[in-house]
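Visitor: I would like a close look at one part of this molecule and how that part fits in with everything around it. Could you walk me through it?

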Amino acid sequence: QVQLVQSGGGLVQAGGSLRLSCLASGSILRPNTMAWYRQAPGKQRELVATSTSGGSTNYADSVKGRFTISRDNAKNTVYLQMNSLKPEDTAVYYCNLVLFATTPIINRWGQGTQVTVSS
């Protein structure tokens, strides 16, 4: 049973930093993609950053240069380091894992964690 457990988040002032973590348990086969999404009140969930098991990363334009996604494959953990936070970064952040080696493809979500940036 593949599960994701998130930690981190909280309240920070604009310009501050936070780090989110997401631990995946179960059989984490490759290839896979781990990602962070966020959903602000009244808005659709949007992709923030992705990290593939092959080493590629990708970012939304709104967070480029401020956020960094990284992963520790030995620990099955993905991180999101968020620097220079802005009030518009306020949202619930979700970790996502997609396993492409399984049939059907496994897609799992973390429980979500609130990030609030005050101005």
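Guide: Gladly! Let us begin with a pairing: strand 4 (residues 32–39) and strand 9 run antiparallel, and eight bridges join them. Please keep in mind that this is a predicted model. To find your place in that pairing, look for Met34, which stands opposite Leu97 in strand 9.

Strand 9 is the part I would like to stay with. It covers residues 91–99, and eight of those nine residues are buried, so strand 9 is largely enclosed by the rest of the structure. Buried here means under 20% relative accessible area. For comparison with the whole, 43% of the 119 residues of the protein chain count as buried.

Strand 4 is one partner, and there are further ones to visit. Strand 11 (residues 113–118) pairs with strand 9 over three bridges, in the antiparallel sense. A handy landmark for this pairing is Val92, with Gln114 of strand 11 opposite.

Next comes strand 10 (residues 106–109), which is also antiparallel to strand 9 and pairs with it over four bridges. Here Leu99 of strand 9 stands opposite Ile106. If you follow the backbone from strand 9 to strand 10, you pass through a hairpin of six residues.

While you have the side chains on display, one general point may help: in a regular strand the side chains alternate between the two faces of the sheet.

Now let us zoom out to see the setting of strand 9. The protein chain has 11 strands and zero helices, so to speak a single letter repeated: β-β-β-β-β-β-β-β-β-β-β is its pattern along the sequence. Among contacts between residues at least 6 apart in sequence, 55% join residues at least 24 apart.

What about overall dimensions? Along the principal axes, the C-alpha atoms fill a box of roughly 45 × 25 × 20 Å. The radius of gyration is 14 Å, which agrees with the value near 14 Å that a compact globule of 119 residues would have.

Finally, the outside. The protein chain exposes about 6,200 Å², and carbon and sulfur atoms supply 48% of that area. As for charge, there are 11 positive and 5 negative charges, whose mean positions lie 7 Å apart.

To return to where we started: strand 9 is largely enclosed, with eight of its nine residues buried, and eight bridges join it to strand 4.

Key:
Residues numbered from 1 in each chain as written. Predicted model: local features only at pLDDT ≥ 70, side-chain atom pairs only at ≥ 80, totals over all residues. Heavy atoms only, no water. Buried < 20%, exposed > 50% of the residue type's maximum accessible area, 1.4 Å probe, protein only. Helix = DSSP H or I, 4+ residues; strand = E, 2+ residues; numbered from the N terminus. Pairing = 2+ DSSP bridges. Rg over C-alpha atoms; globule rule 2.2 N^0.38 Å. Contact = heavy atoms within 4.5 Å. Areas by Shrake-Rupley, 256 points an atom, 1.4 Å probe, with all protein chains shown as cover. Lys, Arg positive; Asp, Glu negative; His and termini not counted. Charge placed at Lys NZ, Arg CZ, Asp CG, Glu CD.
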